[in-house]
Structures are given as structure tokens and as C-alpha cells.
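Hi,

Here is the structure I promised to pass on. Have it open while you read, and my notes follow below.

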Amino acid sequence: MSANRPAAVVVLAAGEGTRMKSKTPKVLHEIAGRSLVGHVVSAARELEPEHLVVVVGHAREQVRGHLDTHYAGTRTAVQEEQNGTGHAVRMALEELGAAPEGTVVVVCGDTPLLSGETLKALADTHAADGNAVTVLSAEVPDSTGYGRIVRDPATGAVTEIVEHKDASDEQRAIREINSGVFAFDGQLLADALGKVRTDNSQGEEYLTDVLSILREAGHRVGASVAGDHREILGINNRVQLAEARALLNRRLIERAMLAGVTVVDPASVFVDVTVTFEADAVLLPGTQLLGATHIGEDAVVGPNTRLNDTRVEKGARVDNTVADSAVIGESASVGPFAYLRPGTKLGRKSKAGTYVEMKNATVGEGTKVPHLSYVGDATIGEYTNIGAASVFVNYDGEAKHHTTIGSHCRTGSDNMFVAPITIGDGAYTAAGSVITKDVPAGSLAVARGQQRNIEGWVARKRPGSAAAQAAQAASEDSAGES
């Protein structure tokens, strides 16, 4: 636990985000597998605060529901009317019931690139310098639209933060900006919030006014400069959302590569923050790894593959595949052009080949389903081969039924397995069969009509056709040879 553990972290997430032009609240838009507010909450939790409060307002029930589902234990405070950041923090302190004794960190709910490391550096600086308030600042190439950090020319101390709309031309030239992230002394914060005025262009309670209030009262005001200005980027529209996604993805890909993963083309590979890897995994171009996906040692994934909540074990090969909530066993082979739906479990050295779809299927070690087949609601034993163009007929129009095929079986091409049925170990089925009954171990099942050849049918039914002419020529050639 950090020695500078905050008494509370307050996440500001009450705004509507009208520039997103979306029915979804801004803070619930997702990048890299988490909502914007989810990224912020996850970073805040790295501080291990005593209390974590998210201030909600617009679409509060939707945001609350999201937090309850994905971030249990997070408290919420309601800002009925969006009257500024100072007002929002007051609502959070009221939710806590008393002014916290210790550090209160305030963060914005739309800054998904903010890292736990940067927040820890802010808390450490705040404690080490004995500040009443410490602002997280950053030097940016273009400060338009941001609050400017105004410093004392002689000492370099922070004197105030001026919002862009209220800044003079000289102040607008300043490149150091306010990130909207602060560390406060909790007791002093509560007192100063009661003194914040609304005589500004927006008629709102600016949290930034607390800095000047505390400074005028003789308290220390400092700043912690972020190492990477991109961490503080807020999201206000879809363009910025996409830009943040690209930056975060680059960070995640670089982290994976430094941990021993080969990424052939980082620009075309996308991963979620919840994806995990083992060393010597290889990701080929066009790969997307989502949710709780895990890629094992020496596994090769891609190209053009999308895996969601899927586990790929050591040495497996997954090519041009879509998989959702599946397990791909050690040294297994999948694809190209395979689709593994939820509940699919492929055993060691098994295969789901070209144009194979599986759902709720368990496939044993060494078993192969090479091509053009559908396997649904099934259990297949070890070292069995399923013939091409096979269909596990699992749905009768009202209910799903299960098929069990044993180990070391050989099923013919173009088989229909009409569930529920069981095929015993070592059994064979003939090509073109519709299997509707159980097949005992070691048996051969044949379920197809007897072939009958009708001589001369083409000449009678299709006279003059190309087929009739070819048949006639073949007949003459045969007669000549005899």
C-alpha cells in the first residue's frame, strides 16, 4: 500500500458530452475494452484510496448501472445541475459526509490515457512538498481551450489557473495547462469550496478558484508536471475518441513487445487493456484481441483474426479466424476462415480447419474437423476425424440437443448427425449418411439410399443437348475400342 494513500479520489463524470452527438453518455463510450470512466476508475484504484466517489449527473442511472456492474464498491454522488467543477466536488464531499482528513485527489472522467503511475507521482509530490493543493499540469503544443497555469515569475510558484475564456492575450500564450487533476488537503478543500464565487463567463463554481483562495490564505500551491502531455487529453468528440484509442493501443502494443511478444505490424494490430500474453507469442497483421483474451507462449495468431474472451494455449496456430469465448488448446490449429462460438473447447493438437464453425463443442486431443463443417452442441473424443461437409444437426425447431462422438472414430464426408445421438469409440460412418440412431463402438453405419443407374436417360430426356452429344461420342468410342 502506498505511503501516500489518499483519503478519497473523486471522479468527475456528470457532464452530458453534447459534442459526442450520441445517445450514449460520453463517459460510457469505450476504447480498448473499457469505458472512458472505467479507465479513470482503474487508474484511481491503483492509489488504493479509502474512498472512491464518482460524481454523476447526466444519464445518472445508466452510469451508475455501469459502475455497479463493472466497478463494484465505487460510490456515486449526484450533481443535479451541472454548475461547475467546484460544485461537483462539493457534492462528492457531501456524499462522504464529512471533510476527509488527508489527501483528496480529483480527476476527470473523460481522460482515459491517465495512468496510475502519474497519479501516484502527483500524490507523492503533494505529500513531499507539503502543499495545500497540487495541480497536475502539462506542457502542450497547443493550449487552446485549456486552463492556463499562471506562475510567479520570480519563484515559479503557481499563483492561479485561468480558464481560456477568461484569459488575457498574454495568459493565452502560456503553454503549461491545467489537466483538471488535483491533489488537495481534504480539510482545506472543504473550507475553500464554500468561498468559491460564480462571477465568471460561465456563472459556474470553478474548482480552479480554490487554488487562488488557498494561496491568498497563505497556503502552498504547487504543480506536478506530467511526463507525457498526452496522458491528460480529455475526450469531447468522436475524433478525439479515435485519437485516444490509437495512442492507447500504441502503448499497449509497445508494452506487449517489450514483454517478449512479436507484433509484425503494430499499426494493424489492436488489443484491449485486459488482454494478456506470454513471451514469444506472435501477432500477425490485421489481428484484434478483445476482452479477457490470453495468448500463450509460441502461439501464432493472425493474419486477419478477431478473438474475444478467448484463450489460446502454447504453440497453437490461429489463422483468419473469429472466436468468441473459446479455448484453443496447446498446439491446436484453427482456420483459415473458421468461426468458434461460445463454449468451444479445442484439445491439444486438435484442428478446426477451413470454413468450420463450432459452438458449445468440446473436441478431444488430436481430433480433426478439417473443413466445411458445422459442429454444434457436441462432445468429440480423441484422435477422431470428422469428414468434410459434416453437419451436427442440433436444433429441432424448439430445443437444442447434444451429439457425442467417441475416440478414434472416422466419419465420412457429407454426414448429418441428427441429435441426440451417440457414436461409440472406433466407429465409422459412410459418406453421404444421415445418422439418426446411435452407432455402437467399432461399427460401420450406412444411412443412404441404394444407387440406381438408369441407362440412356440423357438421350431420351435431353436429346440434342451437349450432354447427349458427349454421351453419344463416348458410346461410339467405347464401341470402336471393343
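**Aromatic pairs**

F182 is buried, with a relative accessible area of 2%. Keep in mind that this is a predicted model, so treat everything below as computed from it. F184 is buried too, at a relative accessible area of 0%. Both figures fall under the 20% cut-off for buried. The two rings pair up: their centres are 5.5 Å apart and their planes sit at 35°, so the pair counts as tilted.

How many aromatic pairs does a search of the whole structure find? It turns up three, and another of them is F337 with Y355. That one is stacked, with 5.3 Å from centre to centre and 15° between the planes. It also links distant parts of the chain, since the partners are 18 residues apart. F337 is in the loop between strand 24 (333-334) and strand 25 (338-340), while Y355 belongs to strand 27 (residues 351-363). As for burial, F337 has 43% relative accessibility and counts as partly exposed, whereas Y355 is exposed at 51%. The cut-off for exposed is over 50%, which is why Y355 gets that label and F337 does not.

**Helix 2**

Next, have a look at helix 2, which covers residues 60-70. Its buried residues are V63, H66 and L67. Looking down the helix axis, you'd see these fall within an arc of 95°, so they line one face of the helix. The face turned away from that buried side carries the exposed residues E61, D68 and T69.

What do the buried residues of helix 2 pack against? The partners are strand 3 (34-35), helix 1 (36-45), strand 4 (51-56) and strand 5 (75-78).

H66 is worth a click of its own. This histidine lies in helix 2 and is buried, with a relative accessible area of 14%. Leaving aside residues up to four places away in sequence, H66 touches L28, S35, V37 and Y71.

**Pockets**

On to the open spaces. The largest pocket has a volume of about 1,600 Å³. Its lining is made up of 46 residues, and R19, K26, T85, D110 and N236 lie nearest the centre. The elements giving two or more residues to that lining are strand 1 (8-13), helix 3 (85-96), strand 10 (176-185) and helix 8 (238-258). Which element gives the largest share of this lining? That is strand 10, with four residues. By class, the lining of the largest pocket has 22 polar, 15 nonpolar and nine charged residues.

The second largest pocket has a volume of about 480 Å³. There are 22 residues lining this one, and the closest to its centre are L113, S115, L248, R251 and R255. Helix 1, helix 4 (116-129) and helix 8 each supply at least two residues of the lining. Helix 8 gives the most, with seven residues. Sorted by class, the lining of the second largest pocket comes to ten charged, eight nonpolar and four polar residues.

One thread to follow on screen: helix 8 contributes to the lining of the largest pocket and also to that of the second largest. Helix 1 turns up twice as well, packing against the buried residues of helix 2 and lining the second largest pocket.

Cheers

How values were computed
Residues numbered from 1 in each chain as written. Predicted model: local features only at pLDDT ≥ 70, side-chain atom pairs only at ≥ 80, totals over all residues. Heavy atoms only, no water. Buried < 20%, exposed > 50% of the residue type's maximum accessible area, 1.4 Å probe, protein only. Arc of directions from axis to C-beta. Contact = heavy atoms within 4.5 Å. 1 Å grid on protein atoms, 1.4 Å probe; cavity = no way out; pocket = protein on both sides within 12 Å on 5 of 7 lines; lining within 4 Å. Points joined across faces, edges and corners; volume = space filled by probe spheres on them. Nonpolar A, V, L, I, M, F, W, Y, C, P; charged D, E, K, R; others polar. Phe/Tyr/Trp six-rings, centres within 6.5 Å; stacked < 30°, edge-to-face > 60°.
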